[in-house]
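I am opening this notebook to record, entry by entry, what I looked up in the structure and what I found there. The entries follow the order in which I went through the residues and elements.

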Amino acid sequence: MSNWKNVNNWHWVNKNCLPWSQTYFSEQLGAIKVENNGLEVVIKTVDTEGDVELCQRKGKLITIFDVRIQLAWKGTSSDGTEASGKIVIPEVAHDTDEDEYVFDISVENETTAKQGFRDVIKKNLIPILRKKLTVFSSDLIKNHSSDVYIENGKNAIQPGVTKERSNVTHINKSTTSTTSSTTVSNAPTKKVNTTSITDDVEFQTSAHEIYETLLDTQRLQAWTRGPVKMSREVGSTFELFNGNVSGKIMELIPDKKIVQSWRLSSWPAGHYSTVTFDFDQGSDSTKINVNQTGVPLGEEETTRNNWNGYYWRAIKQTFGFGAVF
């Protein structure tokens, strides 16, 4: 096991690519025209909103995006019938496969004479849109990789790009549980039977780096692969994984301790557990002692799997560090 003090420094670089993406989608999707059975449909305008970022971590480029796209279309038929409407794509994300895109089609003042336009959109236009969307990630990297890629050992910051540092991570899983009963202050009228979960997670890096990985917004966005809400202020709330995990910061001791109220969205309304991360730095690694109290009975296995899969395993897979257990 290598000493974390001797691990080569690798750079974390992050670039906001939303403005470029808005222009990209307007150019790629705007003015697309399809014809079938005497009907013609053309895309007139494209509106894009959301988050698009490109990150580089230890020589690996990572795309993080989740956008909503609205298209306005117009159509004409050989008999002079005109129609217009919208196509809303509610989610274009880094983890969306080609066959998973959703297209909500609307036709203004739809009549029997206009129904054919909907069919043309489904059969002729949607397949083209799917193909266009699937190449977005590769085009994003192609156009911006020079801004965020830094070779090992180089020290450079591109304009508009932020930089942080991190090191090597290794996970050693060990869990135990105990059972208790508690009444949660957020929902005083409801009693929830709970259990406690403990775990020891080992990282080949400093306590400071792991502390930052759990609190820094840019790092969180990288390993959760989506927008996050996080603050370093005690009493502030946070949200991860599109709100499936939420809570409040209860205590912070830099590089030593983090205490959070924490819940899954599927738990009883208003019920929060308490998660304590204690950082124990050794000579060549840092161990996090995780203690979670107030987990609803029957939810302990799901919660444990979520920590191992969506937290520790995701950090490893994102940063490319060590073996996954």
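Entry 1, R313. I began with the exposure of R313, and since its relative accessibility is 31%, which lies between the 20% and 50% limits, I noted it as partly exposed. The model is a predicted one, and I read each value below as computed from it. R313 belongs to helix 6, which covers residues 300–319. I then looked up its distance to W223, and found that the two C-alpha atoms are 9.2 Å apart in space, with the two positions 90 residues apart in sequence numbering.

Entry 2, helices 4 and 5. W223 led me to the packing of helix 4 (residues 207–215) with helix 5 (residues 217–224), for which I noted an angle of about 75 degrees and axes 6 Å apart. Because that angle falls in the range from 65 to 115 degrees, helix 4 is roughly perpendicular to helix 5. On the side of helix 4 the contact is made by E209, E212, T213, L214 and L215, while helix 5 brings T217, R219, L220 and W223. Sorting the residues of this contact by type, I got four nonpolar, two polar and three charged.

Entry 3, A207. Is A207 of helix 4 buried or exposed? I found a relative accessible area of 4%, so A207 is buried. Leaving aside residues up to four places away in sequence, A207 touches D255, F279, Q281 and T286. For one of these, F279, I also looked up the C-alpha separation from A207, which is 6.2 Å although the two are 72 residues apart along the chain.

Entry 4, the hairpins. D255, a contact of A207, sits in the turn of the hairpin formed by strand 11 and strand 12, where three residues lie between the strands and D255 has a positive phi of about 65 degrees. Strand 11 (residues 245–253) and strand 12 (residues 257–264) run antiparallel and are joined by eight bridges, and I noted that V245 has L264 of strand 12 as its bridge partner. On the other side of the pairing list, strand 11 is joined by four bridges to strand 10 (residues 237–240), again in an antiparallel arrangement. Within that pairing, F238 has G247 of strand 11 as its bridge partner. Strand 10 and strand 11 also form a hairpin, with four residues between them, and F241 in its turn has a positive phi of about 55 degrees.

Entry 5, Q260. Staying with strand 12, I looked up Q260, which is placed in that strand. Its relative accessibility is 5%, which is under the 20% limit, and therefore Q260 counts as buried. Which residues does Q260 touch, not counting those up to four places away in sequence? I listed M230, F238, K248, I249, M250, S273, T274, V275 and F277. For background to the strand entries, I add that side chains in a regular strand alternate between the two faces of the sheet.

Entry 6, positive phi in loops. I next checked R225, which lies in the loop between helix 5 and strand 10, and whose phi is near 55 degrees, a positive value in a residue other than glycine. R225 is partly exposed, with a relative accessible area of 32%. N109 is not a glycine either, and its phi is positive at about 50 degrees. N109 is in the loop between strand 6 (104–107) and helix 2 (115–134), and because its relative accessibility of 66% is over 50%, it counts as exposed.

Entry 7, W73. How far from I43 does W73 lie in space, C-alpha to C-alpha? I found 4.4 Å, for a pair that is 30 residues apart in sequence. W73 is found in strand 4 (residues 60–77), and with a relative accessible area of 1% it is buried.

Entry 8, the whole chain. To close, I looked up the totals, and counted six helices and 14 strands in the chain. Of its 325 residues, 46% are buried. Among the contacts with a separation of 6 or more, 60% are between residues 24 or more positions apart. The chain exposes about 15,500 Å², and carbon and sulfur atoms supply 44% of that area.

Key: Residues are numbered from 1 along each chain as its sequence is written. This is a predicted model: local features need pLDDT of at least 70, side-chain atom pairs count only at pLDDT 80 or more; totals for chains, interfaces and linings use all residues. Side-chain values use heavy atoms; hydrogens and water are left out. Buried means under 20% relative accessible area, exposed over 50%, partly exposed in between (1.4 Å probe, protein chains only). Two strands pair if DSSP finds at least two bridges between them. Contact means heavy atoms within 4.5 Å. Accessible areas come from the Shrake-Rupley method with a 1.4 Å probe; for residues, only the protein chains shown count as cover. Axes are lines fitted to C-alpha atoms, for helices over the stretch in contact, and angles run from 0 to 180 degrees between N-to-C directions. Angles under 35 degrees count as roughly parallel, over 145 as roughly antiparallel, 65 to 115 as roughly perpendicular and the rest as oblique. Ala, Val, Leu, Ile, Met, Phe, Trp, Tyr, Cys and Pro count as nonpolar, Asp, Glu, Lys and Arg as charged, and the others, Gly among them, as polar.
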